[in-house]
Amino acid sequence: MHRTLQPAGWASPRGYSNGVEAQGRMVFVAGQIGWNPVSCAFETDDFVGQVDQALRNVVAVLREAGAGPEHVTRMTWYITDRAAYAENTRSVGRVYRDAFGPHYPAMTLVIVAGLLEEEARVEIEATAVV
């Protein structure tokens, strides 16, 4: 269903894939932030806590389409604090694996000045192929 693209001679990436080839029904998940999607309220201002919630929100949208983390081919993360990410890479990796398991799609991480919801510290969008 999916094939990881790793050009010969390139160093293996950690926590993502350089590229993914896929064929099937496409599912596009809008940017999900680290708030409770029922109340639209932030339950934490902790960076890792918001990453955890945003990832769980992505998974919930995938499930609505009959998909799961294993179908994700591409993710884009928008974060507001480079230092918070750098200081918490192990914890971010742990919550990522809790939500997505050992599946590592092509990913991009972008540092932004801010997000629409002022309390948001991360927004994650995903593309899946089922």
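**Figure 1. His71 in the loop between helix 1 and strand 4 of the predicted model.** Helix 1 covers residues 47-64, and strand 4 covers 72-79. His71 is found in the loop between these two elements. The residue is buried, because its relative accessible area of 10% falls under the 20% cut-off. Setting aside neighbours within four places in sequence, His71 contacts six named partners: Met1, His2, Thr127, Ala128, Val129 and Val130.

**Figure 2. Ser17 in the loop between strand 1 and strand 2.** Strand 1 spans 2-5 and strand 2 spans 19-22. Ser17 is placed in the loop that lies between them. Its relative accessible area is 8%, so Ser17 is buried. Residues up to four places away in sequence are not counted in the contacts that follow. Ser17 touches Thr4. Ser17 also touches Tyr104, Pro105, Ala106 and Met107.

**Figure 3. Met107 in strand 5.** Strand 5 runs over residues 106-111, and Met107 has its place there. Met107 is partly exposed, with a relative accessible area of 22%. That class applies because the value lies between the 20% and 50% cut-offs. Leaving out residues up to four places away in sequence, Met107 touches Gly15, Tyr16 and Ser17. Met75, Trp77 and Tyr96 are also touched by Met107. The contact with Ser17 appears from the other side too, since Ser17 lists Met107 among its partners. Asn18 and Met107 are 89 residues apart in sequence. In space, their C-alpha atoms are 7.7 Å apart.

**Figure 4. Cys40 in the loop between strand 3 and helix 1.** Strand 3 covers residues 26-33. Cys40 is found in the loop that leads from there to helix 1. The phi angle of Cys40 is near 55°. This is a positive value in a residue other than glycine. Most residues other than glycine have a negative phi. Cys40 is partly exposed, with a relative accessible area of 43%.

**Figure 5. The largest pocket and its lining.** About 510 Å³ of space lies in this pocket. Its lining comprises 15 residues. Closest to the centre are Arg14, Gly15, Tyr85, Thr89 and Gly93. Two elements give two or more residues each to the lining: helix 3 (89-100) and strand 5 (106-111). Helix 3 gives the most, with 6 residues. By class, the lining has 8 nonpolar, 4 polar and 3 charged residues.

**Figure 6. The whole chain, as context for the close-ups.** The secondary structure comes to 3 helices and 6 strands. From the N terminus on, the elements run β-β-β-α-β-α-α-β-β. Along its principal axes, the C-alpha trace spans about 40 × 35 × 25 Å. The chain has a radius of gyration of 15 Å. A compact globule of 130 residues would have a value near 14 Å, so the two agree. Buried residues make up 38% of the 130 residues. The chain exposes about 7,500 Å². Carbon and sulfur atoms supply 49% of that area. Among contacts between residues at least 6 apart in sequence, 74% join residues at least 24 apart.

Definitions and conventions. Residues are numbered from 1 along each chain as its sequence is written. This is a predicted model: local features need pLDDT of at least 70, side-chain atom pairs count only at pLDDT 80 or more; totals for chains, interfaces and linings use all residues. Side-chain values use heavy atoms; hydrogens and water are left out. On a 1 Å grid over the protein atoms alone, a cavity is a set of points where a 1.4 Å probe fits but cannot get out, and a pocket is an open set with protein on both sides within 12 Å along at least five of seven lines; lining residues have an atom within 4 Å of a point. Grid points are joined across faces, edges and corners, and a volume is the space filled by probe spheres set on the points. Helices (H or I, at least four residues) and strands (E, at least two) are DSSP runs, numbered from the N terminus. Ala, Val, Leu, Ile, Met, Phe, Trp, Tyr, Cys and Pro count as nonpolar, Asp, Glu, Lys and Arg as charged, and the others, Gly among them, as polar. Buried means under 20% relative accessible area, exposed over 50%, partly exposed in between (1.4 Å probe, protein chains only). Contact means heavy atoms within 4.5 Å. The radius of gyration is taken over C-alpha atoms; the globule rule is 2.2 Å times the number of residues to the power 0.38. Accessible areas come from the Shrake-Rupley method with a 1.4 Å probe; for residues, only the protein chains shown count as cover.
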